[in-house]
Amino acid sequence: MTIMAGPATLFEKIWGAHEIVVRPDGATLLHIDRHLVHDGSNNAFRTLQEKKLPVRRPDRTFATPDHYVSTLGRGLTAINDPNRRSMVEDLKVNAKETGVTLFDLGDKRQGIVHVVGPEQGLSQPGMIIVCGDSHTATHGAMGALAFGVGASEVAHVLATQTLWQKKPRNMRITVDGELGPGVHAKDVILAIIAKISAAGGTGHAIEYAGSAIRSLSIEGRLTICNMSIEAGARAGMVAPDDTTFEYLQGRPYAPKGADWDKALSFWRTLPTDEGAAFDREVHLDAAEIAPMVTWGTSPESASPITGNVPDPAGAGDAVRRDSMERALNYMGLEPGMALSDIKVDRVFIGSCTNSRIEDLRAAAKLANGRKTVVPSMVVPGSGLVKAQAEAEGLDAIFRRAGFEWREAGCSMCVGMNGDLVAPGERCASTSNRNFVGRQGKGARTHLVSPVMAVAAAVSGKLTDVRTLMARH
Amino acid sequence: MEPFRKIDEVAAPMGTPNVDTDQIIPARFLWRMRDDGWGHLLFNDLRFNDDGSEKPQFVLNRAEYRPARVLVADRNFGCGSSREHAVWSLYDYGFRAVIAPSFGDIFFNNSFQNGLLPIVQPIEVCEALRAALEQKPGAHIQVDLEAQKIIAPDGTEFDFTIDPFRKECLLAGTDEVRFTLSQADKIAAFEKTYENGMPWM
Ligand code: SF4
C-alpha cells in the first residue's frame with residue numbers, strides 16, 4: 001500500500017491502495033476487490049482445475065451468463081445450439097463447484113456483466129474491478145479502477161485474487177460546456193475516439209472530467225467509460241460524486257448502516273487533487289459535439305451525422321489511404337456521399353454501451369407514435385432493466401412502433417448467441433464495435449446513440465435525430 | 001509454457017493498422033476450449049473463402065510466408081476484444097513473435113502469458129522490415145530475447161525494450177500463478193490490513 005505524498009490523481013490513489021508487492025522493475029502485484037465472470041470464462045476455470053487450485057475468494061467473485069444466452073426466451077432450452085448451451089451450462093457448474101455467486105438465467109438479476117455490476121451495487125468507488133472482457137472499463141464510471149483481462153489473467157485472479165500489472169500512464173480528457181439537444185454520452189465518446197484515435201489511449205488509464213461529464217447521469221458515464229477500450233485504453237474512470245453516491249445507496253451489494261457512512265467519507269477523498277499531474281491532457285468543447293455515426297470499420301472512423309463519407313484520396317499517407325479504401329469497400333460506401341443518405345437494413349438497440357434504463361427511456365420517447373421501416377430490436381441490458389422498462393410501459397411503446405422486445409444479453413453486439421446481422425446487411429447499432437465481421441460475417445455496422453438508432457429505424461437511413469425532434 | 005530464447009525464422013509482413021482480435025479469430029469460434037487447437041482458425045475470414053478454399057492474396061497463403069513464425073504488423077495490432085483465443089491462434093499457427101509500432105493493451109499482456117513475444121518498434125522500423133520481407137519473401141528475422149535484439153534480413157540490428165519481469169518469466173517459461181502463490185503470506189497480510197480498514201470492500 002502506498003500513501004500518496006503531494007497531490008494525486010483518482011487513478012494513483014486507487015492504484016496505490018492496492019499494491020501488495022512492488023518489484024524494483026515496476027511490476028506490481030495488485031489486490032483485486034471484485035472479479036466478474038461470464039459465460040466465456042470456462043477456459044480459466046479449466047486452468048484452475050488442471051492446476052488443482054481452488055478459487056481463493058469466491059466471496060469477491062460474481063458470475064452471470066450474457067454472451068451465449070438466447071434473447072428469445074429464458075432457460076437453457078431456449079439456446080438451440082449445443083455448443084452455446086454448454087457455455088452457459090459450464091458457467092453454472094463452475095460457479096456451483098467453486099462457490100461463486102451466480103445470477104443465472106431465470107434470475108432477474110442476470111444480464112450483461114457490465115450492466116449487472118453497477119446495478120447490483122457491486123461496482124463501487126475506490127475498488128479495483130476486473131473481468132475477462134475488454135469492456136470492463138465501464139465500471140470505472142463508479143469511480144473505480146476497472147479493466148479487462150485475458151483468460152490467463154482470469155485464472156490468475158481466481159487462484160490468487162491478485163494480478164501482476166505495470167502501472168499505466170494517466171490521461172485526463174476534459175469535456176466542458178453543455179451538450180446540445182439530441183447529443184448524448186455515446187456521441188461524446190465517439191467524438192473523443194475520433195479525436196484521439198483508436199490507439200490514442202494505449203498504455204493509459206483515462207479520467208473523464210469537466211462540466212459535461214459531471215452533469216451526466218451514472219448511465220451516461222457508464223456509456224463513456226465503456227468505450228475507453230475503443231480509444232485503446234484499458235481503463236476509463238470518472239471521479240465519484242453525489243450522483244455516484246445517490247445511485248449506489250440502497251443497491252443490494254452497496255454498504256449499509258455504519259459501513260455506508262465510513263465508505264462515504266472514504267469515497268469523498270478519492271477525486272483527483274488540485275494540482276495533480278497527468279501524463280497527457282485532452283480537451284473537448286461539449287457544445288461542438290454533434291450526433292455522431294461511424295462510417296468505417298474502426299470506432300475512430302466517426303463523424304458528425306451532418307458530414308460526408310470521407311475521400312481516401314485526401315488521406316495523408318498511403319497506409320491510411322489503403323485502409324480507408326478497404327473500409328469503404330467493406331462498408332459499401334462511396335466517398336463524398338452524405339452520411340444521412342446511407343440506407344440501413346436493420347437496427348439494434350442494446351449492448352453494455354447502451355442498454356440501461358436511461359437509454360431505453362430516451363429511445364422510447366422518440367419511438368413513441370412513430371413506426372419502424374426496417375427490422376429493429378431492443379435488447380435490455382439485464383432482467384431488471386427489462387422489468388423496469390416494462391413497469392414504465394416502454395416495451396409497449398417499442399412494440400407499437402414495430403420494435404422487437406427481447407430478453408437480456410449481449411445479443412447482436414457480437415452475435416455469439418446467434419443474433420446476427422446477415423452478410424452485406426447494414427445495421428445501425430448502439431453497440432461499441434464496427435469491426436469487420438463483428439455483428440456477423442460481412443455485416444456492416446454503423447455505431448450510433450440510442451436516439452440516433454431510433455431515428456434510423458423510423459427513417460430507414462442514418463438520420464440526424466435533431467430533425468425528428470423538431471417535428472415531435 | 002515453453003521457455004523463449006532465440007529464434008531465427010521466416011517472417012511475414014502485415015501492413016494493416018488496427019488489426020483487431022475479431023479479425024485474428026472471429027467470435028463464432030470462441031466456444032471451443034484451449035486444447036482444441038486454434039492455428040487452423042487464425043485470421044479465418046481473411047484467409048479463407050466461405051467454401052473453405054484459400055484466398056490466394058492473403059499473406060499467409062503465399063507459399064514463402066506459410067512457415068512464418070514472426071509477424072511484422074502495423075499500429076494497434078490486437079486491439080479490441082480481450083479474447084486470449086487471438087494469442088492462442090497465433091501461437092498454435094506457429095508464431096512466436098509479433099513486431100508492431102503498438103499493440104492493444106490486453107492482447108499485449110495476453111501474449112506474454114502464452115509465450116508469444118510482442119515487440120514494439122518505431123513505425124519506420126516496422127515499415128522497413130515489411131518492405132524487406134516483401135522484397136525477399138521467405139526471408140528470416142532473428143529475435144534474441146536475452147540480448148533484446150532483432151536482426152533484420154539484411155543484418156541490421158534493432159534493440160527492443162521489455163519489462164524485466166515479463167522477460168524473466170518468458171526466458172524461464174514460468175507459470176505466473178505458481179510464482180504468485182509463492183507470495184501467499186504477503187497476500188494474506190495485505191488482505192488482513194485492507195479488510196480491517198475498509199470492511200465494506
Ligand atoms: S454487450 Fe458486446 S461488448 Fe458488451 S460484454 Fe457483451 S459482447 Fe462484449
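This report looks at the empty spaces in a predicted model and at one strand that helps to line a pocket.

Let us start with the enclosed spaces. The structure has 4 cavities of 30 Å³ or more, and the largest of them holds about 380 Å³ of space. Residues from chains A and B meet around this cavity: nearest its centre, among the 33 that line it, are A:His38, A:His67, A:Gly132, A:Asp133 and B:Ser81.

Next comes an open space, the second largest pocket, with a volume of about 940 Å³. Its lining has 37 residues, and those closest to the centre are A:Lys166 and A:Gly203 from chain A, with B:Asp105, B:Phe108 and B:Asn109 from chain B. The table sets out the two linings by residue class.

| Space | Nonpolar | Polar | Charged |
|---|---|---|---|
| Largest cavity | 13 residues | 14 residues | 6 residues |
| Second largest pocket | 20 residues | 9 residues | 8 residues |

Which elements supply at least two residues each to the lining of the second largest pocket? From chain A they are α1 (10–17), β7 (145–148), β8 (162–165) and β10 (204–209), and from chain B α4 (105–113), β4 (117–120) and α6 (164–172). Helix α4(B) gives the most, with 4 residues.

Strand β8(A) deserves a second look. A:Thr162 and A:Trp164 point one way from this strand, while A:Leu163 and A:Gln165 point the other way; all are buried. Its partner is β2 of chain A (residues 28–31), and the two pair in the antiparallel sense over 4 bridges. Within this pairing, A:Leu163 has A:Leu30 opposite.

Conventions:
Residues are numbered from 1 along each chain as its sequence is written. Chains are lettered from A and ligands numbered from 1 in the order in which they are written. This is a predicted model: local features need pLDDT of at least 70, side-chain atom pairs count only at pLDDT 80 or more; totals for chains, interfaces and linings use all residues. Side-chain values use heavy atoms; hydrogens and water are left out. On a 1 Å grid over the protein atoms alone, a cavity is a set of points where a 1.4 Å probe fits but cannot get out, and a pocket is an open set with protein on both sides within 12 Å along at least five of seven lines; lining residues have an atom within 4 Å of a point. Grid points are joined across faces, edges and corners, and a volume is the space filled by probe spheres set on the points. Ala, Val, Leu, Ile, Met, Phe, Trp, Tyr, Cys and Pro count as nonpolar, Asp, Glu, Lys and Arg as charged, and the others, Gly among them, as polar. Buried means under 20% relative accessible area, exposed over 50%, partly exposed in between (1.4 Å probe, protein chains only). Two strands pair if DSSP finds at least two bridges between them.
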